[in-house]
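Reader: Could you zoom in with me on one small part of this model? I've only just started my first year, so please keep it friendly.

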Amino acid sequence: MLETERYAEAADLLRFLLQCQVQDDRHYEEWEALLKWLQEAFPAAAAGKGQGVPVMEPADEAEEADFARRHAEMKFAEDRGYALKLLQTVTEKPLSEHTFLALEQLAFIQAPEIDEALIKWLEREERHPMLQFRVLQTLRRRETSGVVRLWRGGALTTIEIDAVPLTPEEFPPAVQDVLDRVGQEAQVHDPAMFYFAQEFWYQFIMGVYGTADYDSVIREEEASLDIWAAALHQTVTESLQGGDGKADEELRAAYGITDSMRLRFEQAHKAMKQFAAAGAIF
């Protein structure tokens, strides 16, 4: 949600998570810290539906973006070293909510050295997949042209900057088709699970963008749709219920996963579990 600037929905999700029971108290601390940052950085948006405040309309979102732009430009005008400080937050400090806030501001600052610095940093070595994608989005918002050659998923990948999706709607239709498939099953068996599946799915898609897994998702084959949908359902269910990682036969049957599809399903499931372990937010 933070990557797509849906701050009100992100705040509502965090409030919901704080009411859930989890085994590790560190999750509560992380969710509380992130909610506090949202409330401080975007007070109007982060008030959210849970506080009785209407979700922001497009005009309000445009005003928020304009405010963010003017704020970044003002800070840069007052301190010409401000861009460097933001770059250091992204490239030298541990990944945190401050990293995404710095990228948000870097998108608005008119300094050509930002593009070169971000591209060189991306190409130097493999980074956290979500951070890589968020930086690519920042480059596109800055209207940077050309390609970036970087390591993603253990393989050297070439990404066209102007093709990087900025919103869920900009991804190929197959991405939404997988989510719709899970929605059909979740409505019958576990409606609450689908809420988390939506968030995890787009995090995962951004994390694997440009990799072989991404190519498999957007292949637009019926079998691929069922495989990824079943893997998504299984992964989210395990994360919420603390499963042992063994695929449920009933679930596989519901998605039509035959013996010939079993290996691809297990590969997809493994890819999602690895991504979740690397830092996806539940």
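Is Arg127 buried or exposed, and what is its relative accessible area?

Author: Arg127 is buried, with a relative accessible area of 17%; buried means under 20%, exposed over 50% and partly exposed in between, using a 1.4 Å probe and counting protein chains only. Before we go on, keep in mind that this is a predicted model, where local features need pLDDT of at least 70 and side-chain atom pairs count only at pLDDT 80 or more, while totals for chains, interfaces and linings use all residues. Residues are numbered from 1 along each chain as its sequence is written, and side-chain values use heavy atoms, leaving out hydrogens and water.

Now, who is Arg127 paired with? Its side chain meets that of Glu125 in a salt bridge, at 3.7 Å from N to O (a side-chain nitrogen of Lys or Arg within 4 Å of a carboxyl oxygen of Asp or Glu). The partner sits in a less hidden spot, since Glu125 has 42% relative accessibility and counts as partly exposed.

That pair has some company, as the whole structure holds nine salt bridges. Take Lys120 and Glu116, whose closest N and O atoms are 2.9 Å apart. These two are four residues apart in helix 7 (residues 113–124), so about one helical turn separates them; helices are DSSP runs of H or I with at least four residues, numbered from the N terminus. Lys120 is partly exposed at 48%, and Glu116 is partly exposed too, at 46%.

For a contrast, look at Arg181 and Asp226, which form a salt bridge at 3.1 Å, N to O. Arg181 belongs to helix 9 (residues 173–189) and Asp226 to helix 12 (residues 222–241), so this pair ties together parts that are 45 residues apart in sequence. Both Arg181 and Asp226 are buried. Glu185 joins in as well, because a network of salt bridges links Arg181, Glu185 and Asp226. Helix 9 also holds Asp177, and that residue is partly exposed, with 33% relative accessibility.

Let's finish back along the chain, at helix 8. This helix is mostly covered, with 10 of its 13 residues buried. Among the buried ones are Met130, Leu131, Phe133 and Leu136, but also Gln132, Arg134 and Thr138. After helix 8 comes Glu143, and its phi is positive, near 60°.
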